[in-house]
Amino acid sequence: MAELVFFAGTMDSGKSTLALQMDYNYRRRGLEGVIFSRNDRAGTGTLSSRLGLSVEAVEADDTTDFWQEVVTRRTRGGRVDYLVCDEAQFYSVAQVEQLARLVDEMDVHVFAFGITTDFRTRLFPGSARLIELADRVEQIQVETLCWCGRRATHNARTVGGRMVREGQQVVVGDTEVATGGGDVVGYEVLCRLHHVRGMTAATAGAAELSPPTLPLA
């Protein structure tokens, strides 16, 4: 029986890696699916992980109709047994409802991957609807760490390394430049304490999580 499963986690928790693994496992068993990505770090029409793995994907946007995507493929003689949907937090409420309908009416497995809250700790509309409709919500088990060493639970937006709390909900940035200078937009994962205090690695002057094992002469 098909299911709608939402795999949720913070940035850097391995969501895209797991999405690639799910696709591999299902294809290995002779099933055929479609991978959807959005705003991937590797560019349009790609699903990539930070481990260096990547595959071609269908770029989703605000106009994508997932129900029609599957209907069109099946009408043309193609098989669609499952969907892998990365960055699902960016989906609209209507798009999430399309995914649920595909599960219920077409018996298509849907595996959605995304973060739950934005840089203001507010739920993304797509994530909220997924939590409401999913047959299962799975928390990604790979823990990410704040610069202080605590478990990271919140996503922070930074500009020039400093945390910001105002702005549009969706702004594409780079998680690799969160400690940089200038007006570059970046993202960083923080524990709740340091998200509340607005302390990023750059503003805290953090260099490493652990002190040297031996004292320096």
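Here are three short exercises on helix packing and aromatic rings, each with a worked solution.

This is a predicted model, in which local features need pLDDT of at least 70 and side-chain atom pairs count only at pLDDT 80 or more, while totals for chains, interfaces and linings use all residues. Residues are numbered from 1 along each chain as its sequence is written, and side-chain values use heavy atoms, with hydrogens and water left out.

**Exercise 1.** Describe how helix α2 packs on helix α3.

*Solution.* Let's start with the geometry. Two packed helices are described by the angle between their axes and the distance between the axes. Helices here are DSSP runs (H or I, at least four residues), as are strands (E, at least two), numbered from the N terminus. Axes are lines fitted to C-alpha atoms, for helices over the stretch in contact, and angles run from 0 to 180 degrees between N-to-C directions. For α2 (residues 66-75) and α3 (residues 93-106), the angle is about 45 degrees and the axes are 8 Å apart. That makes α2 oblique to α3 (under 35 degrees is roughly parallel, over 145 roughly antiparallel, 65 to 115 roughly perpendicular, and the rest oblique).

Next, list the contacts (heavy atoms within 4.5 Å). From α2 come Phe66, Trp67, Val70, Val71 and Arg74, which meet Gln95, Gln98, Leu99, Arg101, Leu102, Glu105 and Met106 of α3.

**Exercise 2.** Classify the aromatic pair of Phe66 and Tyr91, and place both residues in the chain.

*Solution.* First, the rule: rings of Phe, Tyr and Trp (its six-membered ring) pair if their centres lie within 6.5 Å; planes under 30 degrees apart are stacked, over 60 edge-to-face, and the rest tilted. This rule gives six aromatic pairs. Phe66 and Tyr91 are 4.9 Å centre to centre with 40 degrees between the planes, a tilted pair. Phe66 belongs to helix α2 and Tyr91 to the loop between β6 (82-85) and α3, so the pair ties together parts 25 residues apart in sequence.

Then check burial (buried is under 20% relative accessible area, exposed over 50%, partly exposed in between, with a 1.4 Å probe and protein chains only). Phe66, at 1% relative accessibility, counts as buried, and Tyr91 counts as buried at 2%.

**Exercise 3.** Which rings have a charged end of Arg101 or Arg157 over them?

*Solution.* Apply the test: NZ of Lys or CZ of Arg must be within 6 Å of the ring centre and within 35 degrees of the ring normal. Arg101 places its charged end over the ring of Trp67, 3.6 Å from the centre. For Arg157, the ring is that of Phe119, with 3.8 Å to its centre.
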